[in-house]
Amino acid sequence: MAIKIIASRLEGGKFHENITKLRWSNPGSGETGESFVSAIVAWIEDDDGKAYVDEGIRRVAVEIIKPTFGPKFLRTKADGIWKNNLLDLPRF
């Protein structure tokens with residue numbers, strides 16, 4: 001299953017590390033929801049989940065960043081280049 005990330009919530013800053021929650025939809029089932037980043041990280045790692053963001057007509061993969069210090073967070077990557085798609089999404 002793949003979910004489409006459609007909005008983000010930031011707390012305490014304006015960087016990827018400050019994204020606390022994401023709003024998503026599952027185009028296959030029509031299901032929608034909001035999840036903490038930690039829950040999406042666990043879903044990707046433990047259940048082989050996939051997430052993406054639309055960038056025009058293409059899908060950009062959401063990947064896990066594992067910093068030396070601090071919790072894991074999410075960021076998009078397209079063609080080997082890190083992108084800011086999650087920061088560019090509407091806020092909720």
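**Exercise 1.** Which residue is the bridge partner of Ile3 in S4?

*Solution.* Keep in mind that we're working on a predicted model. Start with the strands: S1 covers 2–10 and S4 covers 50–55. S1 and S4 run parallel, joined by 3 bridges. Now look across from Ile3, and you land on Ala51 in S4.

**Exercise 2.** Work out how S1 pairs with S2, and find what stands opposite Ile5.

*Solution.* Here the pairing is antiparallel, over 6 bridges. Follow Ile5 across to S2 and you meet Trp24.

**Exercise 3.** Put the strands of the sheet in order and pick out the edges.

*Solution.* Walk across the sheet: S3-S2-S1-S4-S5-S6-S7, an open sheet of 7 strands with mixed pairing. Then check the ends: S3 (32–36) and S7 (81–83) each pair on one side only, which makes them the edge strands. From one strand to the next, the twist averages 45 degrees. At the S7 end, S6 (residues 73–78) pairs with S7 in the antiparallel sense over 3 bridges, and Ala78 stands opposite Ile81.

**Exercise 4.** Find the strands that helix H1 touches.

*Solution.* H1 takes in residues 37–47 and packs on the sheet. Its contacts are S1, S2, S3, S4, S5 and S6. For direction, set H1 against S3: the angle is about 100 degrees.

**Exercise 5.** Look for aromatic pairs, then for charges over rings.

*Solution.* With a 6.5 Å limit on ring centres, the count of aromatic pairs is 0. Next, the charges: Lys21 lies over the face of Phe36, 4.9 Å from the ring centre. Arg59 does likewise over Tyr52, at 4.0 Å from the ring centre.

How values were computed:
Residues are numbered from 1 along each chain as its sequence is written. This is a predicted model: local features need pLDDT of at least 70, side-chain atom pairs count only at pLDDT 80 or more; totals for chains, interfaces and linings use all residues. Side-chain values use heavy atoms; hydrogens and water are left out. Two strands pair if DSSP finds at least two bridges between them. Helices (H or I, at least four residues) and strands (E, at least two) are DSSP runs, numbered from the N terminus. Axes are lines fitted to C-alpha atoms, for helices over the stretch in contact, and angles run from 0 to 180 degrees between N-to-C directions. Contact means heavy atoms within 4.5 Å. Rings of Phe, Tyr and Trp (its six-membered ring) pair if their centres lie within 6.5 Å; planes under 30 degrees apart count as stacked, over 60 as edge-to-face and the rest as tilted. A charge sits over a ring if NZ of Lys or CZ of Arg is within 6 Å of the ring centre and within 35 degrees of the ring normal.
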